[in-house]
Amino acid sequence: GVALLATAIVTSVCLEWPLWQTIFLIGTVSIIYTTFGGIVADVYSDIIQLAILWAGSLLAIFVLLDLLKPGDLALLSAQQERLRIYDFSATGLGDGKTFGFWPMLIGGFFLYVSYYGCDQSQAQRLLTTATVKQAQKALMINGLFRFLLVSTYCSLGVLLIPFILTHPEFAYRLREQQPDFLVPYFLIENMPKGILGVIIAGFFAASMSSIDSALNSLSAATYQDFLMKLFPRLSGIEDSKKVRLSRFLTIFWGMVATGFALEMAGGSETVLELVNKIGSAFYGPVLAVFLLGMLLKRASQAGAVGGLAAGVGLNISLWLYCGDSVSWLWWNAFGFLMSFAVGYGLGLVFPCRRISAGLIVNLYEFRRELKTKKYILVLLFAFIIMLLTSFILEKLIAG
């Protein structure tokens, strides 16, 4: 729903339509091509969307640099707080600062381990690879290139600072709009029409990539984890009927997402914050449930369900009652710890009576079988390079 809202905002600015109309438009298009294309449409469209998105963002940066005068970039020196990359003093606990170094490093660790290890929208991509080795390579390439892609987005945002400062009439038009509307208005008013079409397609691509993944994974999880359990006879029906049922589930979840986007339209929070808050409320507890099943022989269904409920309940309470005093990045770590502790305790009180030895994963054997050491080392080295690059860049800007 949040991804749908993000796309609809761009469409609303481009077409000069009311936001609710563009939500319906994008929702309908996403439902149609995801319903009939399935995971094949998801993967191939994501590849095309990535190319368009990255090229569009780079084009926007070049055009923005052309619009700025040589002395305009010097205005960035007065915006040091916005250009600060590392903030070691911020804890995100009672200081009202969300994006400190420690909450981003620790909370972000739990968030992304859960996202890439447990989220169905990511797992469905890995399951399309032919071998485990190909899946590992896909994850490694993602880890290496994600930094470059996000750096491109950030560069565009940084360059918009001097543009706004030197174009007060543009800033005045945005005074009553959410920050989400900044980039779309800039593109509409300043990009050459041909280039504008490419860039707008890039923004559509980014959001629709998230929408189709979510719809496809929701349909698969609903069918496999709920309907198959409630109605075992479904396993015996014809394949064509299974596909038809999956498509109906995709349409259903597409309608739910569209309704959710309509409900959030016009809210005070930005799309970026909203999507990360929703994810952070669940990712830590979900990771804890997975690890309970992988690490503990005494893990039980009561422990998994109880731990999940406790972790999510804690995070929702932090969201509702603590406001900005606790950074939402910490929810990933706090939710994980709460879920794991409660799940472990309930597993001792209500142990699983029947355990299949084949379901218990020995982590040493698991690691040896997959031979992940070289991939881990490559990603750790890349992470250190990213930290050093950001540190050097911050010092150059400050100097």
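**Entry 1: helix α11**

I began with α11, whose 25 residues reach 36 Å from the first C-alpha to the last, close to the 36 Å expected at 1.5 Å a residue. I note at the outset that the model is predicted. I then looked for a bend along α11 and found a kink of about 30°, centred on S280.

Next I listed the buried positions of α11; among them are V271, L274, K277, G279, S280, A281 and Y283. The list continues with G284, P285, L287, A288 and L292. S280, the centre of the kink, is thus itself a buried residue. I asked what covers these buried residues, and the cover includes α1, α4, α10, α12 (301–321) and α13 (328–349).

**Entry 2: nonpolar cores**

I followed V271 from α11 into the largest nonpolar core, which has 19 residues. V271 is listed there with L4, L5, I9, L19, I23 and I211 as the residues with the most contacts inside this core. The elements that give two or more residues to the core are α1 (2–15), α2 (19–67), α9 (193–230), α10 (239–264) and α11 (271–295). I recorded α1 as the element that gives the most, with 7 residues.

I also looked up the contacts of V271, leaving out residues up to four places away in sequence: V271 touches V2, L5, A6, I9 and D180. A second, separate core has 18 residues and includes V10, L160, F170 and F186.

**Entry 3: salt bridges**

How many salt bridges does the structure hold? I found 3.

Two of the bridges involve D87. The side chain of D87 meets that of R84 at 3.3 Å, N to O. D87 also forms a salt bridge with K97, where the closest N and O atoms are 3.8 Å apart. D87 and K97 both sit in the loop between α3 (80–83) and α4 (101–118), 10 residues apart. R84, D87 and K97 are therefore entered here as one network of salt bridges, and I checked the burial of its members. D87 is buried, because its relative accessible area is 9%. R84 counts as partly exposed at 40% relative accessibility, and K97 is likewise partly exposed at 37%.

The remaining entry is the bridge between E189 and R173, at 2.3 Å, N to O. E189 lies in helix α8 (residues 182–190) and R173 in helix α7 (residues 168–173), so the bridge ties together parts 16 residues apart in sequence. Both side chains belong to partly exposed residues: E189 has a relative accessibility of 36%, and R173 has a relative accessible area of 43%.

**Entry 4: aromatic pairs**

I searched the whole structure for aromatic pairs and obtained 21. I examined the rings of Y86 and F391, whose centres are 6.4 Å apart and whose planes stand at 40°, so the pair is tilted. This pair links distant parts of the chain, with Y86 in the loop between α3 and α4 and F391 in helix α15 (residues 373–398), 305 residues apart. Y86 is buried, with a relative accessible area of 10%, whereas F391 counts as partly exposed at 38% relative accessibility.

I then examined F101 and W102, an edge-to-face pair with 4.9 Å centre to centre and 85° between the planes. F101 is buried at a relative accessible area of 15%, and W102 is partly exposed at 38%. Finally, I noted that Y86, F88, F101, W102 and F391 form one aromatic cluster.

Conventions
Residues are numbered from 1 along each chain as its sequence is written. This is a predicted model: local features need pLDDT of at least 70, side-chain atom pairs count only at pLDDT 80 or more; totals for chains, interfaces and linings use all residues. Side-chain values use heavy atoms; hydrogens and water are left out. A nonpolar core is a set of buried Ala, Val, Leu, Ile, Met, Phe, Trp, Tyr and Cys residues joined through side-chain atoms within 4.5 Å. Buried means under 20% relative accessible area, exposed over 50%, partly exposed in between (1.4 Å probe, protein chains only). Helices (H or I, at least four residues) and strands (E, at least two) are DSSP runs, numbered from the N terminus. Contact means heavy atoms within 4.5 Å. A salt bridge is a side-chain nitrogen of Lys or Arg within 4 Å of a carboxyl oxygen of Asp or Glu. The expected span of a helix is 1.5 Å times one less than its number of residues. The bend at a residue is the angle between axes fitted to the seven residues ending there and the seven starting there. Rings of Phe, Tyr and Trp (its six-membered ring) pair if their centres lie within 6.5 Å; planes under 30 degrees apart count as stacked, over 60 as edge-to-face and the rest as tilted.
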